[in-house]
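Reader: I am a first-year student, and I would like to study one part of this protein model closely. Could you please guide me through the backbone of that part?

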Amino acid sequence: MTAADSTNGRARWLSWLFLLAGLLATGIAYERVNHLVQQEVSAQLDARAKEAKFSVERQVSAYTEVLRGLQAQFVADANLSRATFHKVAASLHLESRLPGIQAVGFSPRVAPQERAAFAEALKGVAGSAGVASSAWTTASMPAAGASFIVQFIEPLEKNQGGFGYDQLMEPKRRIAIEKARDTGELASSGRVRLFIEPGNVDGLVFFLPVYRGGDVPASLAARRERIVGVVFLAVRVDEVLRSVFGPELLNTLDIEIYDMNGNETASTLLDGRNLIFDSGAYRGARRLHAPELIRPLSRSMQLPFSGSTWQLEVTALPNFVGRSQSWLPYIAALASSLLSLMVFFIMRYLDLTRHKSDARAEKAEHSLNSRERQLAKISGSIDAVLWTFNLLDRKIEYVSPAVERVYGRPADAFYANPMLWTDCIHLADRKQAIDTFKTIEQTGREVLQLRIIRPDGEVRWIRYEAHFIAADSAGAGRIDAVCNDITQQHLLEESQHRHIRALRAIHQCEERIAAAEAEDALLQGICDIAVRAGYRMAWAGMVRTDGGGIALAGIAGDHQDYLASIETALAAGGDGMATIGEALRSNRPVIANDFSHDPRLAPWRQEAMRCGFNSKIALPLVGAQSLIGIVNVYASEENAFDAEEMELLAGLAQRVAIAIESLRNRVQRQAAEGALRLRQRAIEASANAIIITSATRPGYPVEYVNPAFERMTGYSFAEMAGQSLALLHRDDVDQPGLAEIRAVTQERRSGYARLRNYRKDGTLFWSEVYIAPVKDEAGVVTHFVAAKYDVTETKRYQDELEFQASHDALTGLANRSLLKDRLVQAIAHAGRYGEVFWVVFIDLDRFKFVNDSLGHSTGDTVLKEVASRLKGALRDTDTVARNGGDEFVLILSGHHGECQRAATVQRVMEAISRPLSIDDREFYVGCSAGIAVYPDDGKDADALIKHADVAMYRAKECGRNNFQFYTADMNEEALERLHLESDLRHAIDRNELVLHYQPQVCLRTGRIVGIEALVRWQHPRLGLVAPGRFIGLAEETGLIVPIGKWILRTACRQTKLWHLAGLGDLRVAVNLSARQFAEKDLGQSIMAVLDEAGLESRHLEIELTESLVMKNVEYTIGVLRELKARGLQLSVDDFGTGYSSLSYLKRFPIDVLKIDQSFVRDIANSPDDAAIVRSIISLAHSLRLHVIAEGVETPEQLAYLRHHRCEQMQGYFFSRPLPAPQLEAMLREGKSLDAEHLLDPPASEFAAPALCQ
């Protein structure tokens, strides 16, 4: 054989050997790729089957959650009403949270002997609820044995067919109820027909037993004996499960569910008797489920719950398999076979045509490279990444193109940088990967799950299956690895784990809620359960009712010291806190799933990361009326809370809130019942009369009186029931107290009155009545409660004391004390209004002779007769007092002119001079009188009495039985008066009148808020004349009208100038005289002045004297209302010196009461003046009026006013009345009261901003 033949023989042998090796490699490649594809299909089917199982478990857990919530309601309140059950069912929002639920309800256990009465009660409820009589019947109830009849079912309008139905009539329901009863756990009925017209809808009914006492009894006999009923939940099973699985799952899988314990025979066959659900998505389902068919692409799973077992059958449909890459093995085998045959033929061809040109050889090599690229493309189309690592030189020999889809980096990057594979591994998993590569030489095979980080920052979970292939030399070899992206599968498993953790915690919390006795114990138990379930830390806080933030109520878990870092924010009510503040504001759960990057948590990130907190959820506890508190749960892993887990925990938080409210309601109800019993006993035992009347008119009929009322009035409750309390005062209606009571009832407010009442026997008694309104939940007054005290003896004693203290015991006239008080009042009034009054000192002539000759008894009779004649000769506004012995003092008020006062003196003297007849004896007594005129003859009471006394002695010197004035220069005074009147008529034209302004200061801010315009007369001869000297003259002559208009115009212009100069939003107060007030066009003339000056009406305050507004009340009210309608401020000046009626005062549309300086002057050392001032302030506040005190001169006066919350002051303490330039300088200087003189906060509730701005 030639060398060429030998070479050809070897070439042929090598060609066939290569063909055999190629075909063998083709088979291996086919098996390998087919194995990978089947593995992928199997993994996808496992994931889908687990997804279906988890969906069913989650749905059943949700139903269990609902039923345990209903069970807790019946445990907390065994007599739960239909309305409450309806409210609880509505609060669950089942239509939105769990679509497909047909009904929730309650079936009590009804004994045979109770069945008839129960049926009759249901008929009545059915009628009132609008349930058709044909919708249910009791005829179907069994003759013997207990029944479980549907008593509550919601929504009723969709389930009328189930109302009144005995659930034991249907076998599957009966089995489920008995199982629930015997086990104390959830049980399902199997597939049954639901109560929906026309009755062709199937579903499942879940039952949960309710036992007396709430706890599940330990023994079976006890459970059967103590069951009181079952709560149930009916679902449209086909609709629910199709919604749960979703179209994507049902289009690729056939899903069937069987109840393995669902019938009496306990069949283990998968047949129609125990079928719960069949998706029916595949037309060839019968052939697909044939018994003899081996189904490798199917999964059977069991779902145990509460003693029952459901079997889940999942079968892959053809289109599921078709979606996988099942064509890859054939493509790989075909390509490999073609490649092997091609190489074989090429080798044969090369062997036969060895001598052909190199060009043909290159062409064959190019063809081979092309086939290799095709093989690379095939391997690149596989989702898995194929790796080959060389252990000797630590390099990557091969990585498939799929690496770019998984790692986000091209394959060339890994060839160029072998360490890149390690750098892509998550730092937390890197050591695990390195250790695995060290041990694989001994184990030969390792499976590794780890995280990688893509260039875009995305984290993915990867599963490696690595095989070690050893080489001849030690330390050499390679690792072949298949890498699959399992991110979605891992996330699904993590989510399932978290949901199971949440459901386990919820189930345990339901038990704690049902057994809760106190709020703190309940919240601490919730926190303990959360930590035992796997969360790192949990704490609960309650919102303080006093506005003091959040109080810790329970905490459990690690790193409880973390709360110290948020203690300040919690004390502020969560303000500034990201999750807690947002949850409290929105009343919705808030999740933070990444502490390390969430910008909201930046202030607490460092401390939270130190404690190992990576995510949290804040769950607000929202009650029916308000926010109760918050529960915070922390987890160590990131992304620990998804939307579904949030909904589960939110539902738990809602039930905790309901439980807390239930506990609070129970405590409040017990406290209210105890307090009600105590109040009832106290009212019955009270020594004072208690009356409750209706607030309805007319009459406000009596609804209750206590025994003390009968003892006080003689009327029993039976006699007073339905009667008006007007029965007690009969026809005695002219009482100020009755007006106050009418005001109290009409205005629906509290009040007090003193009344004359009459007992049943007609006897008079005085009573003090304190009345208060009683409001219902809506704030409407429905009743009045009154406390009545018998003060007859007290009133009689007070009247006697007051009279004795202020009157002469013999004559009944005012004594010296009352005389001095009247003089002080007269001086204050006259000084304020520039009036003149007379003090007349009378001494009886020849009285000593009568007393000495006829005895003291006759003398006393004479004195009493003289006193009677004096009272008859004087007007009501005048005062007569006995100064002692036979001396009397008269005060003739300044309401009338001198002529009238002189006539009064003459009338008095004539009355005294008339003959006296005593004991059949007739004799005469005359008198001498001295007159002192205020203010000319004295500015205080002592001076006036002294000067009148001097004048009286002058009258005696002049022959007795006459009167003399203190001064003998009356003609000269009259002449002076005439000159003064003449000069006054020209004062306006000569510009001799000037205005001084006295500031009015707000005691809340210390700032000047107003001014009072006070007129002065700059007389060319007399100098500056005070208003008290010429105002009265102007009133009498009518000059007050043009003077008043000049004052008003000048004050408005000046105030507007100060406004334009930016000196504050001042208001100016101007006094209005009686003559001005009587003008018919008063309102128009004032508005004309305001328009001329450009001043807004709100900046003008009209001051009226108390005596002026009381002269003609109805006319005054009309004028005041007109002025008020024009926007003017109205005030009553010198309040307290006149005789105002409170019933009229409240009708006046006034804004301000001004306390007269005569009261302010002595408030620091006169208890009487202090009491008057305090009463005026209180009265003003009660009438919603503001108060200004005049004449404040000392710190003590200001301190007293500030203590009793007077709002404004004016007086020398702050400033005298100043000319306009000096006041303007003060305004520019910004003078104000020191802070020590201001009202203490809180400011007076009646200090309206408009008054003190």
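In the hairpin of β25 and β26, which residue takes a positive phi, and how many residues are between the strands?

Author: The model is a predicted one, and the description below should be read with that in mind. In the hairpin that you ask about, Gly779 takes a positive phi near 85°, and there are 5 residues between the strands β25 and β26.

The strands themselves come next. Strand β25 covers residues 764–775, and strand β26 covers residues 781–790. The two pair in the antiparallel sense over 9 bridges. Within this pairing, Ile771 stands opposite Ala786 of β26.

Strand β25 also has a partner in β24, and these two strands pair in the antiparallel sense over 8 bridges. One pair of residues may serve as a landmark: Arg756 has Trp766, in β25, as its bridge partner. Strands β24 and β25 form a hairpin as well, with 5 residues between them. In its turn, Gly762 has a positive phi of about 95°. As for side chains, those of a regular strand alternate between the two faces of the sheet.

The sign of phi deserves some attention here. Most residues other than glycine have a negative phi. Both turn residues named above, Gly762 and Gly779, are glycines. Arg748, by contrast, is not a glycine, although its phi is positive, at about 55°. This arginine is placed in the loop between α25 (736–747) and β24 (751–758), the latter being the strand that forms a hairpin with β25. With a relative accessible area of 28%, Arg748 is partly exposed, because partly exposed residues are those between the cut-offs of 20% and 50%.

Another arginine may be set beside Arg748. Arg1205 is not a glycine either, and has a positive phi of about 65°. Arg1205 is found in the loop between α42 (1195–1203) and β42 (1208–1209). Its relative accessible area is 24%, and Arg1205 is therefore partly exposed.

Finally, the peptide bonds call for a remark. Most peptide bonds are trans. The bond from Arg697 to Pro698, however, is cis, with omega near -10°. Pro698 belongs to the loop between β22 (689–694) and β23 (702–705). A cis peptide bond also joins Tyr934 and Pro935, with omega at about 10°. Pro935 sits in the loop that lies between β32 (926–934) and α31 (941–957).

Terms used:
Residues are numbered from 1 along each chain as its sequence is written. This is a predicted model: local features need pLDDT of at least 70, side-chain atom pairs count only at pLDDT 80 or more; totals for chains, interfaces and linings use all residues. Side-chain values use heavy atoms; hydrogens and water are left out. Helices (H or I, at least four residues) and strands (E, at least two) are DSSP runs, numbered from the N terminus. Buried means under 20% relative accessible area, exposed over 50%, partly exposed in between (1.4 Å probe, protein chains only). Two strands pair if DSSP finds at least two bridges between them.
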